[in-house]
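Here is a short walk through a protein model for someone who has not seen it before. Take a look at the sequence and the structure, and then read on.

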Amino acid sequence: MTLPYILFSFCLCHLIVISQFILGMPIFLKNLQRAVRLNEHLLHFHCTFLLNAARAEKFDVSIACVDNREIRNLNRIYRNVNATTDVLSFPYHEVATPGTLPSPAAPCDYYLGDIVLGMPLIAAQCAADRTNLVDRLTVLVTHALCHLMGHTHHTRATCNAMFQDEAQLLTVFNTTFGTQLKPLTIVVKHNHQ
């Protein structure tokens, strides 16, 4: 490692700690798997940025990084799909208007929900697509945050609305970090059959 990289990493870690102290700690990240090496600090930083970009900085979100067995089990229990998946979202609130934030009555209700990331499948997707793991995780978290804010992709209209919000969040992210990330949700021109 070169000295500039070590200094950059040191400064970035301190910036994250200071921002968590000043802004609170809205992202609870737990890495429950060991199959895929993960830069938890960078993922936490990106997730915090996205939460702020969504103007949801007052809300907490938990993110669990799990293995294939665990995400398959959750997918089977909650979606009745017996297969691994890359991301699952579990909203805490029922949002009347997709893309809007809930209006909690009590301070303890400032919780958007849970995001579960299936790390081995995500790593395999990255290897197949030759994409960066952190970039893929950022796109998946953006997608999941939109679900936590009430979006679905069951119809053409809801899918397109979700795409717009994902694109808006990723545009802010791309402008800030010089990336070119694209939404996970695709624009649907025809209804699914």
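Arg-130 counts as exposed because its relative accessibility is 79%, and since this is a predicted model, that value is computed from predicted coordinates. Arg-130 sits in the loop between H4 and H5. Its backbone is a bit unusual too: phi is positive, about 55°, although the residue is not a glycine. Why does that stand out? Most residues other than glycine have a negative phi.

Arg-55 makes a good partner for the story. Its place is in the loop between H2 and S2, and it takes its positive phi of about 60° just after H2. Arg-55 isn't a glycine either. With 68% relative accessibility it counts as exposed, because the cut-off for that word is over 50%.

Here are the two arginines and a buried residue we'll get to later, with their places and accessibilities:

| Residue | Place | Relative accessibility |
|---|---|---|
| Arg-55 | loop between H2 and S2 | 68% |
| Arg-130 | loop between H4 and H5 | 79% |
| Asn-75 | helix H3 (residues 68–79) | 1% |

Now for the overall plan. The protein has 6 helices and 4 strands, and reading along the sequence gives the pattern α-β-α-β-α-β-β-α-α-α. Of its 193 residues, 40% count as buried. If you take contacts between residues at least 6 apart in sequence, 66% of them join residues at least 24 apart. The accessible surface comes to about 11500 Å², and carbon and sulfur atoms hold 58% of that.

Back to H2, the helix just before Arg-55. How far apart are its end C-alpha atoms? They are 20 Å apart, which agrees with the 20 Å that 14 residues (40–53) should span at 1.5 Å a residue. At the N-terminal end, Asn-39 acts as a cap, with a side-chain oxygen 3.3 Å from the backbone nitrogen of His-41. The buried residues of H2 are Leu-43, His-44, His-46, Cys-47, Thr-48, Phe-49, Leu-50 and Leu-51.

Leu-43 turns up again in the largest nonpolar core, which has 37 residues. Together with Val-61, Ile-63, Ile-115, Leu-117, Met-119 and Val-141, Leu-43 touches the most other members. Strands S1 (27–31), S2 (60–66) and S4 (111–118) each supply at least two residues of this core, and so do helices H2, H4 (119–129), H5 (133–148) and H6 (156–177). Which element gives the largest share? That is H5, with 9 residues.

Ile-115 shows what being in the core looks like up close. Leaving aside neighbours within four places in sequence, Ile-115 is in contact with Val-61, Ser-62, Ile-63, Ala-64, Val-87, Leu-88, Val-141, Ala-144, Leu-145 and Leu-148. There is also a second, separate core of 6 residues, and Ala-64, Val-66, Ile-71 and Leu-74 are among them.

Finally, the buried residue from the table. Is Asn-75, at 1% relative accessibility, buried or exposed? It counts as buried, because buried means under 20%. Asn-75 lies in helix H3, where its side chain is joined to that of Arg-79 by a polar contact of 2.8 Å. Beyond its neighbours within four places in sequence, Asn-75 is in contact with Asn-80, Val-81, Ala-83, Thr-84, Thr-85 and Leu-88.

Notes: Residues numbered from 1 in each chain as written. Predicted model: local features only at pLDDT ≥ 70, side-chain atom pairs only at ≥ 80, totals over all residues. Heavy atoms only, no water. Expected span 1.5 Å × (residues − 1). Buried < 20%, exposed > 50% of the residue type's maximum accessible area, 1.4 Å probe, protein only. Polar contact = N/O pair within 3.5 Å; in protein donor to acceptor, adjacent residues only side chain to side chain. Core = buried A, V, L, I, M, F, W, Y, C linked by side-chain atoms within 4.5 Å. Contact = heavy atoms within 4.5 Å. Areas by Shrake-Rupley, 256 points an atom, 1.4 Å probe, with all protein chains shown as cover.
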